[in-house]
Structure formats: structure tokens, C-alpha cells
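Trainee: I would like a close look at a single part of this model, followed by whatever else helps to place it in the chain. Please keep the account plain.

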Amino acid sequence: MTYTEFLRQFPDSDACLDYLKEKFYADGTACPNADCKSNNNGASGTKFHRINGRSAYSCQHCGHHVYPTAGTIFHKSTTSLQLWFWAIYLISSSKCGISAKQLEREIGVTYKTAWRMMKQIRTLLGEDEPLEGDVEVDETFIGGKPRAADSRKFAQAKYPRQAASNWVRDNKTIVFAAVEKGGRVRATVVPDRTKPTLQGKIREFVLPSSMIFTDDFKLYVGIGREYKGHRRVNHSQKIYVTADGATTNTIEGFFAQFKNSVRGAHHNISAKYLPHYLNEYAFRYNHRKDSDPMFWTILDRAQKDRLAAA
Ligand SMILES: [Zn+2]
């Protein structure tokens, strides 16, 4: 979707409100007023007409008012609806995301407003569909540094990754992710690197009919009993592909790209906002091959209660 196409469809806030009205209260839908006679019309329902000067429409039978922004992130915002739609357009059309600073410049709002808009829009990007098929699972540290004494031990350890699991990193954030080979990802920040946490996330993110692929980290042992199977790639012996072709290349690629993105010049992400950024990143990854522009996918999710209801 080009910017010209965006402007043609949404030339002003009224056009944006009309879009939401069509989405939630299209002609023929039932009137929310239980006493409205139109509800006895069966399939024909009612029509809603715009009330001049207000962000509301009224039922042509009973005059009941409906507010298309109710229950959305746009409701009662002092920022115009068109600026909201524009922000969603910019976020969805940028390849790797934009910062609040960029949004401030592009749409001409204060930094504080841009920051709040980003935060609200990111709440729409959470993914909740379970994964299936061949699913690679792994966890990684983002940010922080090993303590000095530990890093010496890291270097000396025969199997650095195994050894690292027993040591604490300062200011670390642990990110867990599961990714279908060639498909979708689910990723989240986890509080610790323990068996109940990691295996619990696998159960939450991946359907039991799936084949699980991990490295040889000991905390994943046993998960295969609840799945179609579990194949381990023996990283500590520096083997990255087994004789029968099992790898965890997809998840490693995902983490590598994510870390690059976090380090990128315009992303200065504190541990506190990492979960939101991770959500956005996973959303982009999952929708990278969609035929519909991401703009519509995000707009479709504009109801505030979407995640609460899921
Ligand atoms: Zn009515």
C-alpha cells in the first residue's frame, strides 16, 4: 500500500471513523439497544447514520447512539483518528519498525504522544496462535554481560554453553522462542532458565502433534514424551547438523536477526520495553509473507479487548 493509496482511502478523520463504523456497525447489523424494534427484522437489521459534529452514529429505527471507536485503542484519544491510522500505516510499512522519535517527526505530534501511540499500537501485535509441524525451540540472553570471573570460566569451559547455564549474568534478559521451520514464530521474555519455565513455554506455544528440535541443553530433555518426538542437535560437540539433517538453524537465524535489530542505531531498547519490541518483531516475522498489507492486519486488531478475550 503506497502513501497515495492510504491518503485516497483515509483523506481525513471522518473517513477513518466511517471505516470503523462499517467494520463494527455495517448496514444490516443488529441494533445494540435490546428494545429496538429493528431487532425483530431478522437478517435486515438496521442502518446507522452519522450524527453531525460527533464521533457517533444513530440507529435509524430507535435513535440509539453507537460509537465506532468504543473498545478500540483510539477511543477518547485527543489525537485525531487520521493520525492514529497514519501511525499504523508508518509502522506497518517500515521494514524493521520505527522509533517514537521518528513517529514524532513524521506525523507532527509531541514525543510523549508518539511514545504513547507506539505503546498502544504494539499492544495489538501480540500473537496467540499455537505452532505446529517441525518446531525449533531455543532460548538466548539479550543484553547484559557475564560477570568478569564468569567470562574467564566461559572461555575455559569445555562446553561453554552448558557451563553458562549455571551462571548468572548481570542485567540479562532471557528470551525464549519457538519457530516452525519456514513458518511462524512465538517469542517471549522468560523470568528464568529452568526446566518448568522452558518446558512450560513449549507446551504453551506448540501443539503436541509437533516434532520438537532443540540443541542438547539438558533442560529440554524429556519434552519429547509429550510430543510427536524430540530431536537434539549436539552443539556442545560442535555438531550443527546431524546425519539425518536435523538442525536448529531457523531459531538461531531468528535470534541473530533479532539481536541485530535490537543493536540497530535507532532502537535503544531498555529491558523494560524489550517484551513490547519482541512482540512487534515476532509480528513482523509472522506476517512477512502475507498477501494483505500489514496495515489491514493491525487495523483489524484495533479492538482493545482482542487480547483480553483470547
Ligand atoms: Zn435501534
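Leaving aside its neighbours within four places in sequence, which residues is Thr197 in contact with?

Mentor: The model is a predicted one, and what follows should be read on that basis. Thr197 is in contact with Val190, Pro191 and Asp192, once its neighbours within four places in sequence are set aside. The residue itself sits in helix α8, which covers residues 195-205. Its relative accessible area is 16%, so Thr197 is classed as buried, the cut-off for that class being under 20%.

For the setting, the chain has 310 residues, of which 44% are buried. It contains twelve helices and ten strands. If one takes the contacts between residues at least 6 apart in sequence, 58% of them join residues at least 24 apart.

Another buried helix residue can be set beside Thr197. Glu280 belongs to helix α10, residues 274-286. Its relative accessible area is 2%, and therefore Glu280 is buried. Apart from neighbours within four places in sequence, the contacts of Glu280 are Ile91, Gly97, Ile98, Arg122 and Leu125. With Arg122 there is also a polar contact, side chain to side chain, at 2.4 Å.

Arg122 leads to the next element, since helix α5 is made of residues 111-122. The axes of α5 and helix α4 (residues 100-107) come within 8 Å of each other and cross at roughly 115°. The crossing of α4 past α5 is right-handed. On the α4 side the residues that meet α5 are Ala100, Lys101, Leu103, Glu104 and Ile107. Their counterparts in α5 are Tyr111, Ala114, Trp115, Met117 and Met118.

The metal site comes next. A zinc ion has four protein donors, the SG atoms of Cys31, Cys36, Cys59 and Cys62, at 2.2 to 2.4 Å from the ion. The angles subtended by the four donor atoms run from 105 to 112°, so the arrangement is tetrahedral. In sequence the spacing of these donor residues is C-x4-C-x22-C-x2-C. Within this set, Cys36 and Cys62 link distant parts of the chain, being 26 residues apart. Cys36 is in the loop between α2 (13-24) and β1 (48-50), while Cys62 is in the loop between β2 (57-59) and β3 (65-66). Cys36 is buried because its relative accessibility is 3%. Cys62, with a relative accessible area of 34%, is partly exposed.

The loop between α2 and β1 also holds Asn40. This residue has 69% relative accessibility and so counts as exposed. Between Asn40 and Ala30, which are ten residues apart in sequence, the C-alpha to C-alpha distance is 9.3 Å.

One backbone detail remains. Most residues other than glycine have a negative phi. Lys76 is not a glycine, yet its phi is positive, at about 60°. Lys76 is placed in the loop between β3 and α3 (81-93). At 74% relative accessibility, Lys76 is exposed.

To return to the starting point, Thr197 is a buried residue of helix α8, and its contacts beyond four places in sequence are with Val190, Pro191 and Asp192.

Key:
Residues numbered from 1 in each chain as written. Predicted model: local features only at pLDDT ≥ 70, side-chain atom pairs only at ≥ 80, totals over all residues. Heavy atoms only, no water. Donors = N, O, S within 2.8 Å, 3.2 Å for Na, K, Ca; no water. Tetrahedral: all angles 85-135°; square planar, octahedral: opposite > 155°, others 65-115°. Helix = DSSP H or I, 4+ residues; strand = E, 2+ residues; numbered from the N terminus. Buried < 20%, exposed > 50% of the residue type's maximum accessible area, 1.4 Å probe, protein only. Polar contact = N/O pair within 3.5 Å; in protein donor to acceptor, adjacent residues only side chain to side chain. Contact = heavy atoms within 4.5 Å. Axes fitted to C-alpha atoms, helices over the stretch in contact; angles between N-to-C directions. Left-handed = near helix turned anticlockwise from the far one by under 90°.
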